[in-house]
Amino acid sequence: MPGTFPPASPQARAWTVPGAARGERLDAFLASLLAGEGVSRGAVQEMIRQGRVTLDGRVPAKPGLRLAGGEALAASIETAGTALAPEAGELRVVHEDARLAVVDKPAGLTVHPAPGLETGTLVHRVLHRWPQAALMDGPRPGIVHRIDKDTSGLLLVALDEATRLALAEDFALRRVRKEYLALVHGVPRPRVEPWGEIDAPLGRDPRHKTKMAVLPSGGRQAHTSWRVLWAAPGGVASLVLVRIHTGRTHQIRVHMAHIGHPLLGDAVYGSRQHAEFAAVTGLDPALAGRQMLHAWRLGFTHPQTGAALSLWTPPPEDFQALALALGQTALRVGLVGMPGCGKSALAGFLAGAGLPVFSADRCVAELYGPGADGWVLLRRRFGAALAPDGRPVDKAALLELMRSGEALRREVQDMVHPLVRHRLEEFWRAHARAGVAVAEVPLLLEGGWPAQGLVDAVLGVHCPEAVRRARLRELRGWDDATQATLEAWQWPEADKLARCDLVADNGADLEALAAEARRVLAALRGLAAGRRERTARALAALWTPDPQDAP
């Protein structure tokens, strides 16, 4: 019954030492006889020291006594069991049989008792679920490996001492395959695709004794392999599959921080990134309330049957929720069109509907203000005549300068465009959770920004050429030569629109454009919803391992 312990039960055993054992150490020989009963060589040595072993009726002087063969060997084996009391508690069992179990440990549950923590551990729940584990001695019966309190996932538990010893040996000889899922800051890049390797010794941090660290000398060998499975938009975070070939304390957390990509939620080994989490991702910090590490898959050989077992469990709700939130960033829409097509008017309608809108033209106007970055760069290069004291950049003079030669035009573009791009990146980060955000950038396509990952979709505005030109003459005072010059710096309208995911028509009046804006808004929201659904499906598929890649 759960909650009851078997009493201590000395067992008298006797054997005749065969002649073939001549010359063997007593402790080694007796340990081999009792290995199937879960009695270790260390336990045998202690039995000998306590006088519970006899040879021909006499207590041997030392465990290392050499056998002659033919002796009458006897031993009194005690199974005192653990002193821990079982406790009821939730325990999700992934696999169990008479010898072992594999459980899915929740985050926040400590594996075994430690100084200052005498109750409420996974071991106490194990003893309640499997009372036979109480026959094992020590403060952590059945435990052959550990995972951190705030790490979730698979833990292998032995239900008798023989199984514990066999599994402990498999772990020591690295016969057990352990794979984890981790959410990390940024996107690590392996030197050789697809796996990255970290082989860096670990030991106590000499400056912080409660932490581990990569040590230049004196540490214990530690080897970790990793592979990026998925990256969040903008590269703010990624999902990484991690295999550990050694089992050092905090190995994954320290190794991933060592290569510059600590785990999300790890305030110990990624304190700076943890403090910046909300600003970088736009998410509630509570979503990363622990280090995002999950013991996902375990492969081992059953010590009794010899069967190869491969077990896995999906990450818990908090892990999945954070990954999904990271993937559901705003649909970043670039708005393009020829001069005079009505881009700004359409952007105004979209802004009125609640979408965040960025205007490259307004951004440039700010950059050209007195003392602003663009103003400073142009003044340094072309003098005060172009950027006068206390006044914004003279746009008419700048236009004439750019018309005077292709090399000068490109030089000005190369000065100003990186400043605009930086402002746009800040805009995307500020509105990462908006659902849909729009950036009106006339030279978006010409600058190759979609291919560089700066937008997720492109919206174009079509307007008949005669209508555009009339608007430019009437509203901006541009003559035909000026219009031709500015259009020559852009792709032809047909080429622009061919690269667009959506096209809005602006060949009539503002009322018609407002109707187009409503249609476009619905379409963009549909694109965003579809993108979110695809992200959710893609992540869900990653929680299920490929059966062809069994441990």
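This passage walks through a predicted model, moving from its strands and cores to its salt bridges.

A good place to begin is a small sheet. Three strands make up this open sheet, arranged in the order S1-S3-S2 with antiparallel pairing. Strand S1 (11-16) and strand S2 (53-55) are the edge strands; each has a single partner strand, so one side of each has no neighbour in the sheet. On average, and with direction ignored, neighbouring strands of this sheet are turned by 15 degrees against each other. S2 is joined to strand S3 (residues 72-77) by three bridges, and the two run antiparallel. Within this pairing, threonine 54 has alanine 74 in S3 as its bridge partner. Helix H1 (residues 26-34) lies across S1, S2 and S3, and its direction makes an angle of about 65 degrees with S3.

Further strand pairing is found around strand S7 (residues 177-185). This strand is mostly covered, with eight of its nine residues buried. S7 pairs with strand S13 (residues 293-301) in the antiparallel sense over six bridges, and tyrosine 180 stands opposite alanine 295 in S13. S7 also pairs with strand S12 (residues 237-244), again in the antiparallel sense, over eight bridges. Here valine 184 has serine 238 in S12 as its bridge partner.

Attention now turns to the nonpolar interior. In soluble globular proteins, nonpolar side chains tend to be buried together. The largest nonpolar core in this model has 36 residues, of which Phe358, Leu378, Val393, Leu398, Val420 and Leu424 touch the most other members. At least two residues of this core come from each of helix H10 (360-367), helix H11 (373-382), helix H12 (395-403), helix H13 (406-430) and strand S17 (436-440). H13 supplies the largest share, eight residues. Another core, of 33 residues, lies apart from this one, and its members include Leu91, Leu122, Val242 and Ile244. For a view of the contacts around one residue, leucine 378 can be followed: leaving aside neighbours within four places in sequence, leucine 378 is in contact with Tyr368, Gly383, Leu386, Val393, Leu398, Val412 and Met415.

Charged side chains complete the picture. A search of the whole structure finds 31 salt bridges. One of them links glutamate 161 with arginine 164, with 2.5 Å between the closest N and O atoms. These two residues are separated by about one helical turn, because they are three residues apart in helix H4 (residues 161-172). Arginine 164 is partly exposed, at 23% relative accessibility.

Other salt bridges connect separate elements. Glutamate 446 pairs with lysine 496, the closest N and O atoms being 2.8 Å apart. Glutamate 446 sits in the loop between S17 and strand S18 (457-462), while lysine 496 belongs to helix H16 (residues 493-498), so this pair ties together parts that are 50 residues apart in sequence. Glutamate 446 is partly exposed, with a relative accessible area of 22%, whereas lysine 496 is buried at 1% relative accessibility. A further salt bridge joins the side chains of arginine 468 and glutamate 487 (2.9 Å, N to O). Since arginine 468 lies in helix H14 (residues 465-476) and glutamate 487 in helix H15 (residues 480-488), the pair ties together parts 19 residues apart in sequence. Both arginine 468 and glutamate 487 are buried. Finally, a network of salt bridges links Arg177, Glu179, Arg243 and Arg297.

Conventions:
Residues numbered from 1 in each chain as written. Predicted model: local features only at pLDDT ≥ 70, side-chain atom pairs only at ≥ 80, totals over all residues. Heavy atoms only, no water. Pairing = 2+ DSSP bridges. Helix = DSSP H or I, 4+ residues; strand = E, 2+ residues; numbered from the N terminus. Axes fitted to C-alpha atoms, helices over the stretch in contact; angles between N-to-C directions. Contact = heavy atoms within 4.5 Å. Core = buried A, V, L, I, M, F, W, Y, C linked by side-chain atoms within 4.5 Å. Buried < 20%, exposed > 50% of the residue type's maximum accessible area, 1.4 Å probe, protein only. Salt bridge = Lys/Arg side-chain N within 4 Å of Asp/Glu carboxyl O.
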